[in-house]
Amino acid sequence: MSTLLELRGIVKRYGGVLALDGVDFGVERGEVHALVGENGAGKSTLMKILAGAIPRDAGTVLVEGAEADLDSPAASLRLGIGMIHQDLKIVPEMTVAENLLLGAEPLLAGTPFLDRRAMERAARAALAQLGEDLDPWAKAGRLGVARQQIVEIAGAISRKVRVLALDEPTASLTGREIARLFDVVRRLRAEGAGIVYISHRLDEVFEIADRVTVLRDGRTVASAPASTIDRTTLVRWMIGREIAEGAREGAPAAGEEILRLEGVASGWLGPVNLALRRGEVLGLAGLVGAGRTELARLVFGADRPDSGRMFLEGREIAPRSPREAIDLGIALLTEDRNRLGLVSTMNVRENVTLASLRALGRGIFTSLRREETATRRHVDRLRIRAPSLDAGVDQLSGGNRQKVVLARWLETRSKVLIFDEPTAGVDVAAKAEILALVRELAAGGAGVMVVSSDLPELLGLSDRILVLCEGAIAGDLAAGEATQERVMTLATGGGREAA
């Protein structure tokens with residue numbers, strides 16, 4: 001193999017914070033090189049430098065042996081470097097084809113006008129490589145997060161990049177979609193491309209990567225062929241210690257019913273019947289598009305049901321908005337934390353206390369002291385890494401942003417908490433902390449519902465699992481009878497059980 005990309009001694013500072021401290025990293029032709037580390041270790045910063053999104057303060061970048069000046073995203077693309085960021089870059093009001101070909105749109109010969117037929121052919125061809133048959137002229141903003149991610153990956157592939165960097169590409173994908181993505185990655189590798197693969201899902205790293213490099217505190221601490229190390233070693237390199245990754249211990253605590261849905265339906269979803277008890281973690285499993293997130297939004301008042309009844313602690317409720325649901329004691333940690341979970345123009349303190357201003361205020365005025373006290377309590381408890389409470393949330397890593405959203409709902413002391421993909425894009429140490437906290441919240445008397453595409457995680461966390469398929473409940477499984485095979489059989493329409 002020959003070297004496609006080499007980064008030497010890369011340094012990046014943000015004010016007084018040294019984000020990257022002399023990082024070395026390289027990618028060979030026909031190699032999948034995984035880059036791993038805790039949130040805040042410097043992975044995304046390094047990839048932004050590679051993508052030309054931010055300048056480096058020191059160090060050298062070599063592309064096929066020649067020094068390169070990555071002074072813009074366009075410069076990186078011209079050099080054959082493609083980047084799929086953890087935070088989606090989709091333009092919601094543009095179509096699938098327009099997003100996929102953004103910056104590389106074909107024109108009608110001799111005119112400044114777009115060649116829409118050529119755009120459609122290119123979009124369909126790129127999507128077909130991922131096994132997708134999306135309408136090229138559908139609005140991208142109407143797609144779910146998983147399919148928006150696929151549009152971005154297809155866009156990079158359509159540019160025939162030599163180096164493709166994937167930052168948490170499977171965070172919102174199902175097992176079937178991940179397998180399809182891995183097929184594409186292997187084909188690109190076989191054709192001689194170099195793949196940089198960033199993921200907190202270590203099982204994926206060992207499945208797809210040829211080599212693994214670990215960053216910790218902005219430094220390269222280890223690099224080795226994936227076949228020569230095990231999971232325990234990799235975790236120890238990442239965080240400097242060993243951790244227990246399991247979250248569920250012992251039998252679930254019995255409790256009275258806290259939430260009940262009777263015949264709840266909305267459009268193609270339902271009718272759904274379910275009961276959630278105090279102290280219970282109820283997992284919602286299913287493929288993307290099965291209705292898990294749609295069900296969560298109905299309970300949270302973000303959408304209105306067409307029919308059915310909902311009860312909280314035995315009293316019928318009908319939240320007409322998230323504000324009403326919050327006042328009732330229902331919280332939703334959304335799947336799309338950046339677009340729907342956080343206010344990017346606000347700082348850490350403002351985001352944490354956003355749903356609790358009435359409780360933290362004095363009359364019609366907000367108490368800054370109470371806000372700061374509440375925020376500091378959660379920052380310390382969740383070990384949120386932030387320069388200060390007044391730092392903008394856009395300065396934080398993906399995992400720390402997720403913790404900020406989680407802190408907001410902890411402050412509301414909700415009775416029912418719904419977690420939609422709570423550990424997507426979160427490092428292995430933070431994942432263990434979040435899963436343990438979910439169990440802690442249930443043990444404290446809350447009813448918890450968890451939507452997750454990480455099936456092993458869901459099986460290890462849940463006391464009971466509801467499996468959705470095409471908008472209906474296909475099965476209700478106790479923890480002792482739920483297996484990956486049984487859940488996937490139900491999720492794909494096989495062996496449907498009575499709900």
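**Salt bridges, helix packing and a sheet in a predicted model**

Student: In this predicted model, what makes the pair Arg 349 and Glu 371 a salt bridge?

Tutor: The closest N and O atoms of Arg 349 and Glu 371 are 3.5 Å apart. The cut-off asks for a side-chain nitrogen of Lys or Arg within 4 Å of a carboxyl oxygen of Asp or Glu, so the pair qualifies.

Student: Where in the chain do Arg 349 and Glu 371 lie?

Tutor: Arg 349 belongs to helix H12 (residues 348–352) and Glu 371 to helix H14 (residues 368–382); the pair links distant parts of the chain, 22 residues apart. Both residues are buried.

Student: Why is Arg 162 called partly exposed?

Tutor: Its relative accessible area is 31%. Buried means under 20% and exposed over 50%, so Arg 162 falls in between. Glu 64, at 37%, counts as partly exposed for the same reason.

Student: What joins Arg 162 and Glu 64, and which parts does the pair tie together?

Tutor: Their side chains meet in a salt bridge of 2.2 Å, N to O. Arg 162 sits in the loop between H5 and strand S7 (163–167), and Glu 64 in the loop between strand S4 (58–63) and strand S5 (66–67), so the pair ties together parts that are 98 residues apart in sequence.

Student: How many salt bridges does the structure hold, and which residues are linked in a network?

Tutor: The structure holds 32 salt bridges. Glu 256, Arg 278, Glu 313 and Lys 415 are linked in a network of them.

Student: Why is H4 described as roughly perpendicular to H5?

Tutor: Helix H4 (residues 116–129) and helix H5 (residues 145–158) pack at about 110 degrees, with their axes 9 Å apart. Angles of 65 to 115 degrees count as roughly perpendicular, so H4 and H5 meet that description. Their contact has five nonpolar, two polar and no charged residues. In H4, Ala 126, Leu 127 and Gln 129 take part, meeting Ile 150, Ala 154, Ile 157 and Ser 158 in H5.

Student: What makes S16 and S22 edge strands of the open sheet?

Tutor: The six strands have the order S16-S19-S20-S13-S21-S22, with mixed pairing. Strand S16 (330–333) and strand S22 (472–478) each have a single partner strand, so one side of each is left without a neighbour in the sheet.

Student: How do you know that S19 and S20 pair?

Tutor: Five bridges join strand S19 (residues 416–420) to strand S20 (residues 447–451), which run parallel. Pairing requires at least two bridges, so S19 and S20 pair. Phe 419 stands opposite Val 450 in S20.

Notes
Residues are numbered from 1 along each chain as its sequence is written. This is a predicted model: local features need pLDDT of at least 70, side-chain atom pairs count only at pLDDT 80 or more; totals for chains, interfaces and linings use all residues. Side-chain values use heavy atoms; hydrogens and water are left out. Axes are lines fitted to C-alpha atoms, for helices over the stretch in contact, and angles run from 0 to 180 degrees between N-to-C directions. Helices (H or I, at least four residues) and strands (E, at least two) are DSSP runs, numbered from the N terminus. Angles under 35 degrees count as roughly parallel, over 145 as roughly antiparallel, 65 to 115 as roughly perpendicular and the rest as oblique. Contact means heavy atoms within 4.5 Å. Ala, Val, Leu, Ile, Met, Phe, Trp, Tyr, Cys and Pro count as nonpolar, Asp, Glu, Lys and Arg as charged, and the others, Gly among them, as polar. Buried means under 20% relative accessible area, exposed over 50%, partly exposed in between (1.4 Å probe, protein chains only).
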